[in-house]
Amino acid sequence: MHQTHKAIGILGGTFDPLHLGHLRMALELYDSLDLAKVHIIPTYKPMYRKQPVATPKQRLAMVQCAVADEPALIADDREIRRKGTTYTIDTLIEMRAEMPEIPFCLLMGIDAFLGFPSWHRWKEILEYTHIVVAHRPHYHLPQAGTISELINERIQKETSFIHENIGGGILLRPITALEISATDIRKQIAMGKNPRYLLPDSVYHYIKQNGTYRVY
Ligand code: ATP
């Protein structure tokens, strides 16, 4: 199906807390893929991983303060408003109903993509969106198995594909390697170390003000 609308990016995650690795990925893919916007969507209750330390409201507030002065990025609270266990397929169905003709690109790091075949109704996800996999250091794509077959079937080299079709393609894109992780930031804060320059100052101020990771 050929489209004339620019694609929008969707970056989901726990964002516990949001850091510069997430923000650079969102902004670099926004630029290099010529996306209309990137929606950053904090998960309410992730299905496939340990539950977040910060509350949904706190994680949303950290995303909101990080993107407040960046028009390319939108803090999207739909999963937090929806509550319950978060499934990406439900988010995509909801967004597709709101924006029937807009192509979507689900942005994710390789670590997230490696687990994709275990996501709820994962095969249907590609009917609603493209997937853009951002390269991250230390992660390699497998040469055999489901992920490898999926890539062989769906890989697209041309960026134009994501704007001309509402979903179905997979793109692999390099981004600046920033080996920052939320887990490491939480550990640093808990040990009384200073995590500045790994995350936006506004997010760090929020954490300090709210004692989110036990900083008082
Ligand atoms: P944690 O350390 O708690 O696992 P995280 O820092 O990996 O958290 P998530 O909220 O789980 O953050 O990640 C959301 C998305 O951002 C995933 O697609 C993940 O691959 C990607 N991502 C996380 N950290 C980086 C980074 N440093 N560079 C690029 N992408 C990242």
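## Helix α7 and its two sides

Helix α7 spans residues 146–154, and its buried residues (under 20% relative accessible area, 1.4 Å probe, protein chains only) are I147, S148, L150 and I151. Seen down the axis of α7, these buried residues fall within an arc of 160°, taken from the directions from the helix axis to the C-beta atoms, so they line one face of the helix. An α-helix has 3.6 residues a turn, so residues three or four places apart point the same way.

N152 and E153 are exposed (over 50%) and sit on the face of α7 turned away from its buried side. The buried residues pack (heavy atoms within 4.5 Å) against α5 (110–114), α6 (122–128) and β8 (170–173).

## A word on the model

This is a predicted model: local features need pLDDT of at least 70, side-chain atom pairs count only at pLDDT 80 or more, and totals for chains, interfaces and linings use all residues. Residues are numbered from 1 along each chain as its sequence is written, and side-chain values use heavy atoms, with hydrogens and water left out.

## Around the ligand

Now for the ligand: 21 residues surround it (a heavy atom within 4 Å), and the closest are H19, R49, D111, L178 and T183. A polar side-chain atom of D111 lies 2.5 Å from a ligand oxygen atom, and one of H22 lies 2.8 Å from an oxygen atom of the ligand. Taken alone, the ligand exposes 600 Å² (Shrake-Rupley method, 1.4 Å probe), and the protein buries 91% of that.

## V132 in strand β7

V132 is found in strand β7 (residues 130–134) and is buried, with a relative accessible area of 0%. Among the residues that V132 touches are L29, L33, C105 and L171.

Key:
Helices (H or I, at least four residues) and strands (E, at least two) are DSSP runs, numbered from the N terminus. A polar contact is a pair of N or O atoms within 3.5 Å; within protein, one must be able to donate a hydrogen and the other to accept it, and residues adjacent in sequence count only if both atoms are side-chain atoms.
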